[in-house]
Protein chains: 2
Amino acid sequence: MTWRMRFSVSILVVYTCLVNYKEEQTSTDTYNLKMVFPKQSTPSPRRDTAAQAPFAKVKAYLMKELSTGRWPPGSVMPSEPELVAQFQVSRMTVSRALRELQTEGFVTRVQGVGTFAAHLGLVSSTLTLPDLQHEIVSSGHRHSVQVHMAQEERCSAALAAEFHLAEGTLVFHTLVVHFDNGIAMQCEDRFVNPACAPDYLATDFNQITPTVYLRTVAPLWEAQYSVEAALPTAQEAALLGVSAATPCLIVLRKTANADVPITLARQVHPGDRYRLNGHFKP
Amino acid sequence: MTWRMRFSVSILVVYTCLVNYKEEQTSTDTYNLKMVFPKQSTPSPRRDTAAQAPFAKVKAYLMKELSTGRWPPGSVMPSEPELVAQFQVSRMTVSRALRELQTEGFVTRVQGVGTFAAHLGLVSSTLTLPDLQHEIVSSGHRHSVQVHMAQEERCSAALAAEFHLAEGTLVFHTLVVHFDNGIAMQCEDRFVNPACAPDYLATDFNQITPTVYLRTVAPLWEAQYSVEAALPTAQEAALLGVSAATPCLIVLRKTANADVPITLARQVHPGDRYRLNGHFKP
DNA sequence: CAGTGGTCTAGACCACTGA
DNA sequence: CAGTGGTCTAGACCACTGA
């Protein structure tokens with residue numbers, strides 16, 4: 001399924017541990033507390049709609065009618081010629097409005113058949129995986145790192161398969177901890193394909209993070225992600241300064257450029273300090 | 001920041017518990033194993049590019065040159081008239097190519113100034129939050145639910161604030177566990193604004209899940225998400241049949257239609273059974 | 001001022017679907 | 001076959017920027 005939308009996201013950093021609510025409470029109270037969202041600043045500029053372009057008017061009209069249920073999911077919507085007549089605009093204009101709605105997932109179009117209201121609910125919503133350093137800095141906090149390892153290694157069979165390399169080939173391996181105002185937020189274990197970034201190990205990660213450096217040498221063109229909750233390894237717990245029983249949010253990322261794998265990373269975040277947040281609106 | 005892309009996602013359901021690797025191993029081995037992605041079927045149809053439309057050719061050309069670093073982030077790219085001359089197409093055609101690249105976040109355009117290569121790395125990538133039932137069913141598994149609670153309640157102060165209602169107003173409250181082939185995958189605790197779905201409690205959740213039902217009565221038009229790793233409550237652990245020390249992936253979702261809050265949900269997934277997966281390519 | 005992007009028009013040809 | 005969407009053209013007017 002395709003989902004295209006304007007999508008603004010922010011990362012929430014929780015310093016204080018989440019309160020341990022008494023679990024003996026009635027379920028109602030327990031859940032009420034656990035389900036309250038963090039307060040948001042919500043600047044919400046709401047730009048002036050001043051002069052709206054014709055294609056935007058058509059699009060806004062269709063969006064509004066869709067939201068009121070005028071065209072239930074799966075039903076036929078007006079054709080391009082009908083909208084041309086209704087709005088007295090050229091076909092290119094309504095075409096653009098409809099194409100954008102299709103791109104955003106609100107309608108389905110089939111050549112030779114027509115335009116249909118989409119089954120919105122079937123579409124999953126998106127959440128961004130933010131760049132930690134960028135978010136820390138842009139929120140006015142101080143970002144720092146500790147480099148615990150930066151070396152060459154011969155890769156294992158499993159790793160070799162991921163990188164499409166022969167077992168035993170040299171790869172770069174770093175282990176870096178990221179801090180937000182001195183608090184450990186992420187333990188990043190990363191392997192890098194030397195062919196893509198020969199100078200990787202020579203980089204001063206206190207000046208430029210692995211993620212940022214890799215961007216400069218190889219634009220990101222494909223990525224695979226996985227987000228899960230699990231316990232940290234003993235080493236990770238020690239590096240993060242948390243108990244080995246602390247649930248962690250773990251992000252695995254693998255990026256490639258034109259089928260050449262660039263890097264494989266495991267980013268471990270203490271569950272009580274880090275959370276992925278997303279706000280989604282059409 | 002705006003991020004628009006074609007984005008395909010799948011949910012991975014892990015039945016067997018993740019293997020507990022020996023943590024006494026060298027860090028290299030430990031991480032290699034923990035960082036391997038699950039094998040994917042990757043059907044990857046790779047549609048034939050057969051006859052590519054002119055606007056698509058221009059777009060593909062610009063994408064390719066961008067990926068090779070011809071225009072470093074922030075640098076000036078060819079203007080519309082230049083591309084018109086180069087490709088011998090009309091301005092509308094190159095305009096569409098550039099507009100789509102802008103929508104997808106690859107270029108930045110400023111009226112009166114020009115088109116610039118975007119700072120790709122600053123853009124965060126997206127991940128979808130899939131609809132559990134839909135994913136279970138579409139993967140050929142059997143989806144079932146257990147309804148543990150479905151009642152009216154007077155809402156607490158915190159909940160009332162979330163719903164923009166007065167404290168003590170009646171709201172609907174359900175507690176449902178979702179199973180994939182009999183294995184508990186999600187414990188969903190949900191509050192619903194009665195004004196939006198008066199018949200919510202009369203629904204047979206064995207036939208139609210809360211999410212699906214709410215879609216039918218109120219199209220989703222705005223949502224707020226939060227994903228975190230934490231321990232389940234004692235009740236959740238019992239309902240899911242896991243230890244209270246099991247790290248869980250917890251999704252909070254709040255949806256609203258035109259500023260009217262519809263529902264607030266807390267979805268708790270055992271970390272060793274559920275994972276969010278995303279594959280991202282331009 | 002020249003150059004840029006933002007948008008629109010009126011017409012066109014095409015591929016596709018379903019009666 | 002008539003109706004649909006997919007796309008393109010050649011020209012146009014405009015707002016905006018920076019010299």
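Visitor: Which element gives the largest share of the surface near DNA strand C?
Guide: This is a predicted model. Elements with two or more residues on this surface include α2 (54–67) of chain A and β2 (107–110) of chain B. The largest share is four residues, and these come from α4(A).

Visitor: Which residues come nearest to DNA strand C?
Guide: Around this strand there are 26 residues. Both protein chains appear among the nearest: from chain B come B:Arg91 and B:Met92, and from chain A come A:Pro54, A:Phe55 and A:Thr93.

Visitor: How much of what the protein approaches on DNA strand C is sugar and phosphate?
Guide: Take the atoms of DNA strand C that come within 4 Å of the protein. Sugar and phosphate make up 60%.

Visitor: How far is the polar side-chain atom of A:Thr93 from a phosphate oxygen of DNA strand C?
Guide: A:Ser90 reaches a phosphate oxygen of this strand with a backbone N or O atom, at 2.7 Å. A:Thr93 uses a polar side-chain atom instead. Its distance to a phosphate oxygen is 2.6 Å.

Visitor: Which residue has a polar side-chain atom 3.0 Å from a sugar or linking oxygen of DNA strand C?
Guide: Here the partner is a sugar or linking oxygen of DNA strand C. The side chain belongs to B:Gln111.

Visitor: Which element supplies the largest share of the surface near DNA strand D?
Guide: Several elements each supply at least two residues, including α3 (80–87) of chain A and α2 (54–67) of chain B. The top contribution is four residues. It comes from α4(B).

Visitor: Which residue places a polar backbone atom 2.6 Å from a phosphate oxygen of DNA strand D?
Guide: A:Ser79 has a polar side-chain atom 3.5 Å from a phosphate oxygen of this strand. B:Ser90 places a backbone N or O atom at 2.8 Å from one. At 2.6 Å, the polar backbone atom is that of B:Phe55.

Visitor: How many charged residues does the surface near DNA strand D have?
Guide: Sort the surface by class. It has 10 nonpolar and 11 polar residues. The charged ones number five.

Visitor: At what angle do the axes of α3 and α4 of chain B cross?
Guide: Helix α3 covers residues 80–87 and helix α4 covers residues 91–103. Their axes come within 9 Å. The crossing is right-handed. The angle is roughly 115°.

Visitor: Which residues of α4(B) meet α3(B)?
Guide: α3(B) contributes B:Glu80, B:Leu83 and B:Val84. The contact residues divide into four nonpolar, one polar and two charged. On the α4(B) side they are B:Arg91, B:Val94, B:Ser95 and B:Leu98.

Note on methods
Residues numbered from 1 in each chain as written. Chains lettered and ligands numbered in written order. Predicted model: local features only at pLDDT ≥ 70, side-chain atom pairs only at ≥ 80, totals over all residues. Heavy atoms only, no water. Axes fitted to C-alpha atoms, helices over the stretch in contact; angles between N-to-C directions. Left-handed = near helix turned anticlockwise from the far one by under 90°. Contact = heavy atoms within 4.5 Å. Nonpolar A, V, L, I, M, F, W, Y, C, P; charged D, E, K, R; others polar. Polar contact = N/O pair within 3.5 Å; in protein donor to acceptor, adjacent residues only side chain to side chain. Near = heavy atom within 4 Å.
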